[in-house]
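Colleague: Could you walk me through this structure, one question at a time? I'd like to start with the ligand.

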Amino acid sequence: MQTIMKRLLPLFLLTLIMLACGGGEETTSEAPAAETPAVAAAQDIDVKKIWKIRCIACHGLYGDMGTNGAANLQESTRDLAYRVNIITNGSENGIMTPFKDILSPEEIEAMAKYTMTFNENL
Ligand code: HEC
């Protein structure tokens, strides 16, 4: 019971955050077509540093190392919501650990966006 709550609460919070962020982006009239890493800029989050400390062991520097069956991020076409969720709560098979107690929601979203830069086709 407690485990279920623990898994669902961050999901709920993330949904709220994403709704808030998504809405803001769409209504901004001056938003250029190019992607703006708003979160990273606002919070000055060093995604590359976090990557090297927290993620590189399984995913590798370029996202394609695949240690422990880690998904190849150069090929992944998962959307932002999926990535935020898996970074927050870990993978269902438990191999990728949850980062919700280690990274802030802002850092998790920045990391999720960062992982999308590995796939040149996204
Ligand atoms: C202990 C190894 C490990 C670490 C550390 C790890 N991951 Fe993962 N990651 C995995 C595995 C395994 C999967 C595939 C899980 C699955 O699909 O069930 C995965 C999947 C993902 C996915 C989903 C990609 C897809 O297409 O399914 C993203 C995004 C991701 N990781 C980002 C990160 C980020 C960001 C970090 C660091 C904050 C990180 N990972 C740290 C093992 C790891």
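Modeller: Happy to! Keep in mind that this is a predicted model. A good place to begin is a nitrogen atom of the ligand, which lies 2.8 Å from an N or O atom in the side chain of His59.

Colleague: Which side chain has an N or O atom 2.5 Å from an oxygen atom of the ligand?

Modeller: Here we look at an oxygen atom of the ligand and ask what sits 2.5 Å away. A pair of N or O atoms counts as a polar contact within 3.5 Å. The partner at 2.5 Å is an N or O atom in the side chain of Ser76.

Colleague: And how far is an oxygen atom of the ligand from the side chain of Asn93?

Modeller: The cut-off for a polar contact is 3.5 Å. For the side chain of Asn93, the distance from one of its N or O atoms to an oxygen atom of the ligand is 3.4 Å.

Colleague: Which element gives the most residues to the shell around the ligand?

Modeller: Two elements give two or more residues each: α3 (47-59) and α4 (80-89). The one that gives the most, with five residues, is α3.

Colleague: How many nonpolar residues does that shell have?

Modeller: In total, 22 residues surround the ligand, with Cys55 and Met96 among the closest. By class, seven are polar and three are charged. The nonpolar residues number 12.

Colleague: Is Tyr82 buried, exposed or partly exposed?

Modeller: Tyr82 belongs to helix α4. Its relative accessible area is 35%. Buried means under 20% and exposed means over 50%, so Tyr82 is partly exposed.

Conventions. Residues numbered from 1 in each chain as written. Predicted model: local features only at pLDDT ≥ 70, side-chain atom pairs only at ≥ 80, totals over all residues. Heavy atoms only, no water. Near = heavy atom within 4 Å. Polar contact = N/O pair within 3.5 Å; in protein donor to acceptor, adjacent residues only side chain to side chain. Helix = DSSP H or I, 4+ residues; strand = E, 2+ residues; numbered from the N terminus. Nonpolar A, V, L, I, M, F, W, Y, C, P; charged D, E, K, R; others polar. Buried < 20%, exposed > 50% of the residue type's maximum accessible area, 1.4 Å probe, protein only.
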